[in-house]
Amino acid sequence: MLRYHVLRREQRLPGTPGDVFPFFADAHNLEAITPPLLGFQVVTPQPIEMRAGTLIEYRLRLHGVPLRWLTRIDEWTPGVRFVDSQLAGPYGLWHHTHEFEPGGDGGTLMRDTVRYALPLWPLGEIAHRLVVRRDLAAIFDFRARAVAQRLT
């Protein structure tokens, strides 16, 4: 049994969607916008051609535990949206939608929607309440600050 959770974030960025999207189209930029304590590394060699079906492998440490994570780009519409999902990794489900739309002020409204579930029910749910929900919020808070610093 999996219990599904949703994390939603919005961020306003300077520049049009066409201006900001290339930053997110480079998978190696994910290293720069992930908290250093995770030791996050993209294992897939450069260059990574981003398109539907692209597989990207990562390595990280979560609370000191080394993990490998494999994702697939499920949708790829440059300047508009992309979707990645976990094929192998720490979650029972990870489905992340990234959307970019004109912000009305010459900027961009970037929206993240992550649908996720933890394995090992009910232990996963206990971990979610005690650690995972807080950790994900902190990771996405760090990411928002890091993205703002790089795109302003």
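The points below concern a predicted model, with most attention given to helix α3 and to the salt bridges.

1. Dimensions of helix α3. The helix spans residues 123-151, and its 29 residues reach 39 Å from the first C-alpha to the last, which is close to the 42 Å expected at 1.5 Å a residue. A bend of about 55° is found in α3 at R129, and a reader following the helix by eye may wish to begin there.

2. The buried residues of α3. The residues of this helix that are buried are G124, E125, H128, V132, D135, L136, F140, R143, A146, V147 and L151. The spacing of such a list can be read against a general rule: an α-helix has 3.6 residues a turn, so residues three or four places apart point the same way. The elements that cover the buried residues of α3 include the strands β1 (4-13), β6 (93-102) and β7 (108-117), together with the helices α1 (17-25) and α2 (29-32).

3. V147 as one case of burial. V147 belongs to helix α3 and is buried, its relative accessible area being 0%. Leaving aside residues up to four places away in sequence, V147 touches Q11, L13, F23, F24 and I33. The C-alpha atom of V147 is also separated by 9.7 Å from that of L30, although the two residues are 117 places apart along the chain.

4. E125, a charged residue under cover. E125 is likewise found in helix α3, and it counts as buried because its relative accessibility is 4%, which falls under the 20% cut-off. When residues up to four places away in sequence are not counted, the contacts of E125 are with R3 and H5.

5. A nonpolar patch on the surface. L120, L123, I126 and L130 make a nonpolar surface patch of about 440 Å². Of these, I126 has its place in helix α3 and counts as partly exposed, with 39% relative accessibility; the buried E125, at 4% relative accessibility, precedes it in the numbering.

6. A buried salt bridge between α3 and β7. Side chains of opposite charge can pair when their charged atoms come close. R143 forms a salt bridge with D112, and the closest N and O atoms of the pair are 3.7 Å apart. Because R143 lies in helix α3 and D112 in strand β7, this pair ties together parts that are 31 residues apart in sequence. Both partners are buried, R143 with a relative accessible area of 8% and D112 with a relative accessibility of 4%.

7. Salt bridges between partly exposed residues. The structure holds 11 salt bridges, and two of them can be set beside the R143 pair. The side chains of D74 and R72 meet at 2.6 Å, N to O; D74 is partly exposed at a relative accessible area of 27%, and R72 is partly exposed at 32%. E75 forms a salt bridge with R81, for which the closest N and O atoms are 3.0 Å apart; here too the residues are partly exposed, with relative accessible areas of 34% for E75 and 24% for R81.

8. A linked group of charges. Salt bridges also join E10, E101 and R111 in a network, which deserves to be viewed as a group when the structure is inspected.

Technical notes: Residues numbered from 1 in each chain as written. Predicted model: local features only at pLDDT ≥ 70, side-chain atom pairs only at ≥ 80, totals over all residues. Heavy atoms only, no water. Patch = residues over 30% accessible without salt bridge, like charges linked within 9 Å, V, L, I, M, F, W, Y side chains within 5 Å. Areas by Shrake-Rupley, 256 points an atom, 1.4 Å probe, with all protein chains shown as cover. Salt bridge = Lys/Arg side-chain N within 4 Å of Asp/Glu carboxyl O. Helix = DSSP H or I, 4+ residues; strand = E, 2+ residues; numbered from the N terminus. Buried < 20%, exposed > 50% of the residue type's maximum accessible area, 1.4 Å probe, protein only. Expected span 1.5 Å × (residues − 1). Bend = angle between axes of the 7 residues up to and from the residue. Contact = heavy atoms within 4.5 Å.
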